[in-house]
Amino acid sequence: MCGIVAIAGKTPVNQALYDALTVLQHRGQDAAGIVTSEHGRLFLRKENGMVRDVFHTRHMLRLAGNFGIGHVRYPTAGSSSSAEAQPFYVNSPYGITLAHNGNLTNAQELAKAIFLTDLRHVNTDSDSEVLLNIFAHELQANGKIAPSVDDIFAAVSGVHKRCRGAYAVVAMITGYGIVGFRDPFGIRPIIFGERDTPDGKEYIVASESVAVTSLGFRVVRDLLPGEAVFINEAGELFTRQCAENPVYSPCIFEHVYFARPDSIIDNISVYKARLRMGEKLANTITRDYPDLNIDVVMPIPDTSRTAALELANQLNVKYREGFMKNRYIGRTFIMPGQGQRKKSVRQKLNPIELEFAGKNVLLVDDSIVRGTTCREIIQMARDAGANKVYFASAAPAVKFPNVYGIDMPAKDELIAHGRTDQEVCDLIGADALIYQKLEDLISAAREGNPDIQQFDCSVFNGEYVTGDIDDAYLDKLQASRSDSAKKQSRHGSTMVDLANG
């Protein structure tokens, strides 16, 4: 999962891009990058690390120009090498920089085609660089010195015809403007906004609405599946549907975990969706687990807090903050490697023992993926004196790999894959385990926008909306992107990192 932003301004955009990336930092903590454009020149800074660590005063001063794009990354495809930090750049045609959130499911096939038919070289294992070269080739096909608006949208149409999978993209065509576009299923989120200045309108394109509103922009709307937006250097905005058969199928896991609660994605308030998750989970507990005798409900900070609060309200049970979080430890779900995730849990969370002593505690988390974190937390609750420890997940059991840009690639690393709920309960050491029903999760999200007929729920039901995923693909994915494979890649890479300090 990554965060993207682009700003077409009337004054320098370096600080605004930086501020937007800090707001989107929750979407990726592995690397960050910004590229700006002024008088046909590009200025780039990208490196591994958090936004605050990548950009220092000397870097910000070099990022000149009124147009620019930015990116925060955590690795799914490729490695965590700084060579794969974004934005990526290709010089022909025109000089294009691009930042991408998602994952191409046919990236390897495209990489071969790029070399054999497009005569383009791809320097990393990142599917984002593949996508950039596809877009560049399609744009070059117009053969013009200066691309028209029609040429740019035609290039996006060409991307849709060749690329499969999930992608929300911002790109900058040097000297011409900024492009944003979304895959024909709308799996990954992307939204745009505007604001008035004395010099005219400025525009922003970003992963989440919180990046739009926090910078003082007004939300215009989400891009539709397959749609593109283009803002030229004169500040004129154009939009166009560029896909032949778009199908609205946004990723429901954005509402479960990834997005900030103060964001609105596809006209659905993430906060309200999580409240409804808590309400529906409470209904399940009341109906199916009437004898638990719960004394207190506690969230696993931070993402589950909204659902847990509403769950407690519905059950008429005390809500307490039983764990204090160390804000200087990153999100364990995003950390590469099972060992590092396990080690960080007790560093990140510390129990308030008085809230646990002698009580039947219901712990609420947003989801259970590998099971490492919840197992450690349940043991911490017992060590703090809890009588019984029940565990509730605001999402259904995660049983299948994700292929659209979320780091759940290896089915054998998913605790619920091939196991019953009771087997998972035993493995994590809970006295009872309650999962959200899939139909309730879908209802919780859809209630915010009834126009969305389906969501991508593939991690829960194994149904991949792009229709191009089979067992052979998943087996190959597991072989290349499991924790062990990533560890080998980090230790065995021959790529030379070139840090632009």
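In this predicted model, strand β20 (residues 360–365) and strand β21 (residues 388–393) run parallel and are joined by six bridges. Within this pairing, Leu-362 stands opposite Tyr-390 of β21. Strand β20 also has a parallel partner in β16 (residues 296–299), to which four bridges join it; here Leu-362 faces Val-297 across the pairing. Leu-362 is thus a handy landmark for viewing β20 with both β16 and β21.

The surroundings of β20 are worth a look as well. Six of its six residues are buried, so the strand is largely enclosed by the rest of the structure. In a regular strand, side chains alternate between the two faces of the sheet. For β20, both faces prove to be covered: Asn-360, Leu-362 and Val-364 are buried on one side, and Val-361, Leu-363 and Asp-365 are buried on the other.

An antiparallel arrangement is found around strand β2 (residues 31–38), which is mostly covered, with seven of its eight residues buried. Eight bridges connect β2 to the antiparallel strand β3 (residues 41–48). The hairpin made by these two strands has two residues between them, and His-39 adopts a positive phi near 55° there. Strand β2 pairs with β4 (residues 67–73) too, again in the antiparallel sense, over seven bridges. Ile-34 helps to trace both pairings: Arg-45 stands opposite this residue in β3, while Gly-70 is its bridge partner in β4.

Six further strands make up an open, antiparallel sheet in the order β5-β6-β7-β8-β12-β13. The edges are taken by β5 (88–90) and β13 (237–241); each has a single partner strand, so one side of each is left without a neighbour in the sheet. On average, neighbouring strands of this sheet are turned by 20° against each other, direction ignored. At the β5 edge, three bridges link β5 to the antiparallel strand β6 (residues 96–104), and Phe-88 is set opposite Leu-98 of β6. Helix α5 (residues 127–140) packs on the sheet, where it touches β5, β6, β7 (165–173) and β8 (177–182), and its direction makes about 125° with that of β6.

Turning to the surface, Met-324, Ile-352 and Leu-354 make a nonpolar patch of about 310 Å². Met-324 belongs to strand β18 (residues 323–325). Because its relative accessibility is 42%, Met-324 counts as partly exposed, whereas Leu-362 in β20 is buried.

How values were computed:
Residues are numbered from 1 along each chain as its sequence is written. This is a predicted model: local features need pLDDT of at least 70, side-chain atom pairs count only at pLDDT 80 or more; totals for chains, interfaces and linings use all residues. Side-chain values use heavy atoms; hydrogens and water are left out. Buried means under 20% relative accessible area, exposed over 50%, partly exposed in between (1.4 Å probe, protein chains only). Two strands pair if DSSP finds at least two bridges between them. Patches are made of residues with over 30% relative accessible area and no salt bridge: like charges are joined within 9 Å, nonpolar side chains (Val, Leu, Ile, Met, Phe, Trp, Tyr) within 5 Å. Accessible areas come from the Shrake-Rupley method with a 1.4 Å probe; for residues, only the protein chains shown count as cover. A salt bridge is a side-chain nitrogen of Lys or Arg within 4 Å of a carboxyl oxygen of Asp or Glu. Axes are lines fitted to C-alpha atoms, for helices over the stretch in contact, and angles run from 0 to 180 degrees between N-to-C directions. Contact means heavy atoms within 4.5 Å.
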